[in-house]
Amino acid sequence: MSENRTLTGVPGFLVGHWTHAQARTGCTVILCPPEGAVASASFLGPSPGTREGVLLSPDKKVERVHALLLTGGSAFGLSAAGGVVRVLEERGVGHETPWARVPLVPAAVIYDLGVGRADIRPGEREGELAARAASADPVARGLVGAGTGATAGKYLGSGAVPGGLGSVLIERHGVRVGALAVVNPIGDVLDERGGVLAGPGVGPGATAFTPGDVENTTLIAVVTEHTLSKNECRRLADAAQTALARVIHPSHTPWDGDSAFVLSAATLPPADPLLLVALVQEAVCAAVRDAVRAATGP
């Protein structure tokens, strides 16, 4: 069993953060192996904020991406992907075209502008810094990177608690997956027994239901070494979304815009598909809980 029990325990994937603690925002970059990773995604909710999300649809031509950006700053934060592209171009990493290698960097955002300072958010420079900081070290968790301004339990309109960023590695029967979660839902986060880990614990029965209109998004990234097709990545991304319903209550509401990404390094033979689904869902739930515990712990 690997000593690194976070996403970077899966060989080939690196993670780096840029954090602005005072402004309560940041961004997180997952660098794929230089040849890229087969990837797809699932987006649920009315207002996901993404870059190159359409590219990840199984019917689109390109299969591999070279990095993934998760960021605060709402739509402003998507510009941080340009800094990641710059770093990858310098390193000669990208999709081969007749005239240049083009790095493909999908991105997704949370809305954290009302938590700290709305005038400070990740941009190209910050994305570049996060990419340059990426390493195979255990992922720093808690109020860091894209999780710096993440909050949970916001359906009463006040009393939100830190959501943070979490990461785990799950391994069973020689098959392993890594997961990273940025936890910014309107709902409560539940513990392993269904009790409230973060949030007011009233849920949809609250008498003063006043959700914020644009403040809620949970971002999930799952990685594996096992070979997957783009279609299989999409099915696992859908499975990751369903796992959110186990750990967040209520989940996938009209005020949430959740994004789940699955990336395969494709360096090992395919694994049993039922086992992979189970591990992905277990990893998503564990990463969400890890985020809250790391954000609120001592």
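I call a crossing right-handed if the near helix is turned clockwise from the far one by less than a right angle. The model I am reading is predicted.

**Helices α2 and α3**

I looked up the pair α2 and α3 with that convention in hand, and their crossing is right-handed. The two axes come within 6 Å and cross at roughly 50°. I therefore enter α2 and α3 as oblique to each other. On the α2 side I list A80, G82, G83, V84, R86, V87 and E90 as making the contact, and on the α3 side E124, G127, E128, A131 and R132. Sorted by class, this contact has 5 charged, 4 nonpolar and 3 polar residues.

I then went through α2, residues 80–90, for burial. A80, A81, G83, V84, V85, V87 and L88 are buried there. I checked what covers them: the cover includes the strands β2 (25–31), β4 (49–51), β6 (67–71) and β9 (107–109), and also the helices α1 (74–77) and α3. After α2 comes G92, and I noted its positive phi, near 75°.

In α3, which spans residues 124–133, I picked out L129. L129 is partly exposed, since its relative accessible area is 35%. I also took its separation from V62, which is 67 residues away along the chain: the C-alpha atoms are 27 Å apart.

**Helices α4 and α5**

Next I took α4 (residues 230–247) and α5 (residues 273–296), whose axes come within 8 Å and cross at roughly 45°. That angle makes α4 oblique to α5. The crossing of α4 past α5 is right-handed. From α4 I recorded L236, A239, A240, T242, A243, L244, R246 and V247 as meeting L276, V277, V280, Q281, V284, C285, V288 and R289 of α5. By class, I have 12 nonpolar residues in this contact, with 2 polar and 2 charged.

**Cysteines**

How many disulfides does the model have? I count 0 disulfides. Why is C32 not bonded to C233? The closest cysteine sulfur to that of C32 is the one in C233, and at 11 Å it is too far for a bond; the cut-off is 2.5 Å. C32 is buried, because its relative accessibility is 9%. C285 is in no disulfide either, as the nearest cysteine sulfur, again that of C233, is 20 Å away. C285 counts as buried because its relative accessibility is 6%. I had already met C285 among the α5 residues in contact with α4.

**Two single residues**

I looked up S42 in strand β3, residues 37–44. Buried or exposed? S42 counts as buried, because its relative accessibility is 3%. Setting aside neighbours within four places in sequence, I find S42 in contact with R234, A237, D238, Q241, D258, S259 and A260.

The last entry is R193, in the loop between β14 (188–190) and β15 (196–198). R193 is exposed, because its relative accessible area is 84%. Its C-alpha atom is separated by 9.9 Å from that of V247, with the two residues 54 apart along the chain. V247 is also one of the α4 residues that meet α5.

Conventions
Residues are numbered from 1 along each chain as its sequence is written. This is a predicted model: local features need pLDDT of at least 70, side-chain atom pairs count only at pLDDT 80 or more; totals for chains, interfaces and linings use all residues. Side-chain values use heavy atoms; hydrogens and water are left out. Buried means under 20% relative accessible area, exposed over 50%, partly exposed in between (1.4 Å probe, protein chains only). Axes are lines fitted to C-alpha atoms, for helices over the stretch in contact, and angles run from 0 to 180 degrees between N-to-C directions. Helices (H or I, at least four residues) and strands (E, at least two) are DSSP runs, numbered from the N terminus. Angles under 35 degrees count as roughly parallel, over 145 as roughly antiparallel, 65 to 115 as roughly perpendicular and the rest as oblique. Contact means heavy atoms within 4.5 Å. Ala, Val, Leu, Ile, Met, Phe, Trp, Tyr, Cys and Pro count as nonpolar, Asp, Glu, Lys and Arg as charged, and the others, Gly among them, as polar.
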